[in-house]
There are 2 protein chains.
Amino acid sequence: MPFHEHPRFPRGFRCASVHCGIKAQGPDLSLFASEVPATAAAVFTRNLVPGAPIVVGRELMRGGRLQAIVVNSRVSNVGTGAEGIARAQRMGSAAASALGIDPALVLMSSTGVIGVQLPVDKIEAALPGLAASLQGDPMVGAAGIMTTDTHPKALSLDVESSTLTIVGKGSGMIEPNMATMLVYAFTDAALDGATLDGALRGAVDETLNMLSVDTDTSTSDTCAILANGLAGPVDPGRFASALTTGLTRMTEMLARDGEGATSMIRVTVTGASDRGDARAFAKSLVNSPLVKTMVFGGDPNVGRILMAIGKCFDCRVDAGRIGASICGVTVLERGTRLDFDEGRVRELLRGDTVEIDVDLGLGEGRARAWGCDLTHGYVDENAAYYSS
Amino acid sequence: MPFHEHPRFPRGFRCASVHCGIKAQGPDLSLFASEVPATAAAVFTRNLVPGAPIVVGRELMRGGRLQAIVVNSRVSNVGTGAEGIARAQRMGSAAASALGIDPALVLMSSTGVIGVQLPVDKIEAALPGLAASLQGDPMVGAAGIMTTDTHPKALSLDVESSTLTIVGKGSGMIEPNMATMLVYAFTDAALDGATLDGALRGAVDETLNMLSVDTDTSTSDTCAILANGLAGPVDPGRFASALTTGLTRMTEMLARDGEGATSMIRVTVTGASDRGDARAFAKSLVNSPLVKTMVFGGDPNVGRILMAIGKCFDCRVDAGRIGASICGVTVLERGTRLDFDEGRVRELLRGDTVEIDVDLGLGEGRARAWGCDLTHGYVDENAAYYSS
């Protein structure tokens, strides 16, 4: 495995987290900072009702440079109008003042309940202390952006003489609310903006964009990368490959910790007419409530795989060519259910990782998607009171 | 209300049901028949892996005439290859023989587990007795096509001198399996094929096609209408309107009895740029797991409405113009959350019928969609063993 046993930061990056009083308890504000300005790239949610930090962040990213990221949890600053925009800007400015840097170099993220104004006074009051407590363990920052994630998520790996560190939060809720994915990557590799942007978009397309917990697209999703150059240049191809490896691992950490999840589902589609079809089939399978409950129940009701393929109305399908396996056991062949060992498949469906491989038998299109099972835990977390 | 207190058949239609031995117990085979051949129209699932009865049925409907419908439950005859097609044809032929009519006039439907061959011998053995027991109460046929529906579903109403009767089954499971919607309409009105087909497609588009329990499209969905003409001609416009009224009522019966449902959700979208956008928003709202769990939990986490609108990436949205109400209480205005009475909204969300009205503030596009809440019952029904 290329990953460090305990994640560590690249040269020049540090982080801190604190309880500033938005949540009842636990850290609710994190700060990530580089010693020097960094080349930066970011991708944001496609939701048409994005949060104020997304609106401000898109504008900021035109500069292509960042030096710090400030993140709060519990209140997402979405559905808050012009006042929300002003408060997002105040949050960024407060972080910039505390660090003594240009506000144009600070990206802000918020995750939590929608439609509530951000308690920005508390954030402003906490930032000087937070900036003074920056330290070298990325797990501290990772813990500060958790909501109901069950554990902090960070990883790091080396790329030639540089280090790549990825910190993320996934599909937990703050107050009962939608899953929001926030992922930040930091490297001391020296890369130009276009290379960094291309590497990020390419890697996200194959990893985070192929993750779904419940089909509901957050208004706050953000993935940003900062490259401060302190380790000098690296081979762009090797860097892009390491970024995909790192984001794949982060995607699996997020899928495994999906709301209420007891199993991660990894779907690999081959033999589709083209890549677009393969992606649609893979997403349809990880998003199907009936496939997800099949995994939760350890129920070898594998005909549901055919249903989830067949409902991709715009894709090419030849029902008589579809094959599928679950954790290596072939269950469908030429579109019909085989007489497989049901007891064995039940056991496999109850494992930590459920691999569903589907072959359309048509062409060279391939794709992979990640998800998790649909459980009582999901219903409980999301049916709980707004005010709890 | 235009509906008869107890549903009855139009002139010339009868039905019967029986336990033929596919299920462990309870009726699992129904027959609906007209005294004389009828003008007919049908719409089928768009799933690309349709069941054998759908493949055969599409071919049959080219004739535009039907005299009977035979339906079994527990085995859907999907993913069964050429042998499945042959068995579907045998099922239709057996019904035709028992009724002494042309097999080209018999539509067959199957609902249940996917990938298991149809026990057609049992069906063939039962059909003569079934044909001999035809009677006049549509509820008998409705009971015979139930799976885990909690009650049989039929309704009837008058259109001028004719009667329109609709029988349906919804989102129960047989063995734990996908929801399948089967809806049959019968009338003694005399209507030509093109008029009947147009009325059916128009009505289905506004009603059954706007119903979703869990986003999973069955491989067996069928809606067919038979007009035997025994009551003579009716005004086509009045008939089309009655068909929409009847199918709206049936859609609500199906939504209310969705798998595990405790509330029906009815979403009305107005003010969208056009009808297509309005339909997309309405469907996104009834399909969102976070909106559905909000209703189940009686949780006034109304920001989720903004999220579900915003994830319709191909639609026109102005976040600052979105308004929404829940059962008449305004909760969102100009894209921001109002300070509404949370206790009152919690109570309303727990009602039998939850109305969510959304106004996009952009144009004249309107649409309505139906669904139900996402509950522990849904997870339980669909996580149960295939073999249970």
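B:L332 stands opposite B:R337, a residue of strand β12 in chain B. The two strands involved are β11 (residues 329-333) and β12 of chain B, which pair in the antiparallel sense over two bridges. Here, strands are DSSP runs of E with at least two residues, while helices are runs of H or I with at least four, and both are numbered from the N terminus. Two strands count as paired if DSSP finds at least two bridges between them.

This is a predicted model, in which local features need pLDDT of at least 70, side-chain atom pairs count only at pLDDT 80 or more, and totals for chains, interfaces and linings use all residues. Residues are numbered from 1 along each chain as its sequence is written, and chains are lettered from A and ligands numbered from 1 in the order in which they are written.

**The sheet around this pair**

Let us step back to the whole sheet. It is an open sheet of six strands in chain B, in the order β12-β11-β10-β13-β9-β14, with mixed pairing. β12 (336-337) and β14 (365-372) of chain B stand at the edges with a single partner strand each, so one side of each is left without a neighbour in the sheet. Helix α9 (residues 303-310) of chain B packs on the sheet and touches β10 (323-326), β11, β12 and β13 (353-359) of chain B. The direction of α9(B) makes about 60° with that of β13(B); axes are lines fitted to C-alpha atoms, for helices over the stretch in contact, and angles run from 0 to 180 degrees between N-to-C directions. Contact means that the C-beta atoms of two residues, placed from the backbone, lie within 7 Å.

**Helix α2 in both chains**

The table sets out helix α2 of each chain; the expected span is 1.5 Å times one less than the number of residues.

| Helix | Residues | End-to-end C-alpha distance | Expected span |
|---|---|---|---|
| α2(A) | 81-99 (19 residues) | 28 Å | 27 Å |
| α2(B) | 81-99 (19 residues) | 28 Å | 27 Å |

Which residues of α2(A) are buried? Among them are A:G84, A:R87, A:A88 and A:M91. A residue is buried if 20 or more other C-beta atoms lie within 10 Å of its own, exposed if 12 or fewer, and partly exposed in between, with C-beta atoms placed from the backbone. The buried residues of α2(A) pack against β2 (29-44), α1 (52-60), β3 (65-75), β4 (106-113) and α3 (120-132) of chain A. Just after α2(A), A:G100 takes a positive phi of about 70°. In chain B, B:G100 takes a positive phi of about 70° just after α2(B).

**Chain A as a whole**

Chain A has eleven helices and 14 strands. Its C-alpha trace spans about 65 × 50 × 35 Å along its principal axes. Buried residues make up 63% of its 388 residues. Among contacts between residues at least 6 apart in sequence, 80% join residues at least 24 apart.

**How the chains meet**

A rotation of 180° with 0.0 Å of shift along its axis superposes chain A on chain B, with an RMSD of 0.0 Å; the fit is by least squares on the C-alpha atoms of residues with pLDDT of at least 70 in both. The two copies are thus related as by a two-fold rotation axis. In chain A, the C-alpha nearest the axis belongs to A:H376, 2.9 Å from it.

How many residues does each chain bring to the contact? Chain A and chain B give 55 residues each. On the side of chain A that touches chain B, the elements giving two or more residues are α8 (289-297), α9 (303-310), β12 (336-337) and α11 (376-383) of chain A. α9(A) gives the most, with six residues. Because 100% of the interface residues of chain A are also interface residues in chain B, the copies meet through the same surface.
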